[in-house]
Amino acid sequence: MTNPHRSHRRRKKSNAGRLGLAGALTGAVGIAGVAAGIVMLRAGDDTGPSTAPTLSGGQGGRASDGTPATPRPDAGAPLTLNTPEGYGYELSAVDAGTDARPLRTTKTSDGAVFAYADYTITNTQRRPVPLDYPADLFLPRAQVPASAQERCMPQPGIPDSMCTLPGRTEITARVDDSRPPFTEDGDTLIPAGASYLVRVATDLPVKDSLKAADLRLFVYNPRFVSDRKGVEVTFR
């Protein structure tokens, strides 16, 4: 699943409201019981809708859509996010760096390198939620080539020395035995309790002197951060 623009710009279709209504009808059990729900679901609860794709290999195999499975990676402290519609997510930063082709959709060029970061996203609820990519990749403006300086945007609450380039995010693996995302009425949804490893990468090259330690992940979309000030997803 690929976001061809910024990682936070996935547009919800009209049935997102119906999902919110369905969530409201679940009452306090679906909200106050999130923590208990996570434990139950990670232990193997398989309550996703019948329209979800069938896994072909189980843990360590591939889903019917070709997405491989991976053990849960080591990561930094989790960041819990909730939206006004009542959707809940958990993000954990895994790794960052540069690569000549960080995503299969990256348009490569001779000698160019692109910045990327990997993180996990988990549906913390006992019902499907829309697939979203809340985190954006930030890098020092000094590590952006002169030709891309105007495309590197600062954001409130994030150091002025850092900015974010146009980029995209893809799911690279299912975590453990998570079921893959599925489509319902035109929306892509995450099954209850499912977790994925995703990669956000720049569409524009960066300087080859950029170090992994210089890269940061922030969430600043007002759907997830009410005051629109960036909140960092920290690496290990």
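**Figure 1. Asp 185 in the loop between β10 and β11.** In this predicted model, Asp 185 lies in the loop that links β10 to β11. The residue is not a glycine, yet its phi is positive, at about 55°. The hairpin of β10 and β11 has two residues between the strands, and Asp 185 with its positive phi near 55° belongs to that hairpin. With a relative accessibility of 58%, Asp 185 counts as exposed, because the exposed class covers values over 50%.

**Figure 2. Pairing of strands β10 and β11.** Strand β10, residues 182-184, pairs with β11 in the antiparallel sense, and three bridges join the two. Thr 183 has Thr 188 of β11 as its bridge partner. Glu 184 is matched in β11 with Asp 187. Strand β11 comprises residues 187-190, and Asp 187 and Leu 189 point one way from it. Thr 188 and Ile 190 point the other way, and all of these residues are buried.

**Figure 3. The open sheet β6-β11-β10.** Three strands form an open sheet in the order β6-β11-β10, with antiparallel pairing. Its edge strands are β6 and β10, each of which pairs on one side only. Strand β6, residues 129-130, runs antiparallel to β11, and two bridges join them. Pro 130 stands opposite Leu 189 of β11. Leu 189 is buried and points from β11 the same way as Asp 187.

**Figure 4. Asp 176 in the loop between β9 and β10.** Asp 176 is placed in the loop that follows the numbering from β9 (167-175) to β10. Its phi is near 55°, a positive value in a residue other than glycine. The relative accessibility of Asp 176 is 25%, and the residue therefore counts as partly exposed.

**Figure 5. The open sheet β8-β7-β13-β14.** A sheet of four strands, also open, has the order β8-β7-β13-β14 with antiparallel pairing. Strands β8 and β14 (231-233) are at the edges, each pairing on one side only. Three bridges join β7 to β13, and these strands run antiparallel. Asp 136 stands opposite Phe 218 in β13. Strands β13 and β14 are likewise antiparallel and joined by three bridges. On this side, the bridge partner of Phe 218 is Glu 232 of β14.

**Figure 6. The largest nonpolar core and its contacts at Val 219.** The largest nonpolar core has 37 residues. Leu 91, Tyr 119, Leu 139, Leu 217 and Val 219 are those with the most contacts inside it. Two or more residues of this core come from each of β3 (79-82), β4 (88-99), β5 (114-123), β7, β12 (195-202) and β13 (216-219). Apart from this core lies another of five residues, including Phe 138, Met 162, Phe 218 and Tyr 220. When residues up to four places away in sequence are not counted, Val 219 touches Leu 79, Leu 81, Leu 91, Pro 134, Ala 135, Phe 224, Val 225, Lys 229, Gly 230, Val 231 and Val 233. In soluble globular proteins, nonpolar side chains tend to be buried together.

**Figure 7. Gln 155 in the loop between β7 and β8.** Gln 155 lies in the loop between β7 (136-140) and β8 (162-163). The relative accessible area of Gln 155 is 15%, so the residue is buried. Leaving aside neighbours within four places in sequence, Gln 155 is in contact with Phe 138, Tyr 220 and Arg 228. Of these contacts, Phe 138 and Tyr 220 are among the residues of the five-residue core.

**Figure 8. The protein as a whole, as context for the close-up views.** The protein has three helices and 14 strands. Of its 236 residues, 50% are buried. Among contacts with a separation of 6 or more, residues 24 or more positions apart account for 72%. The exposed area of the protein is about 11000 Å², and carbon and sulfur atoms supply 52% of it.

Notes:
Residues numbered from 1 in each chain as written. Predicted model: local features only at pLDDT ≥ 70, side-chain atom pairs only at ≥ 80, totals over all residues. Heavy atoms only, no water. Buried < 20%, exposed > 50% of the residue type's maximum accessible area, 1.4 Å probe, protein only. Contact = heavy atoms within 4.5 Å. Core = buried A, V, L, I, M, F, W, Y, C linked by side-chain atoms within 4.5 Å. Pairing = 2+ DSSP bridges. Areas by Shrake-Rupley, 256 points an atom, 1.4 Å probe, with all protein chains shown as cover.
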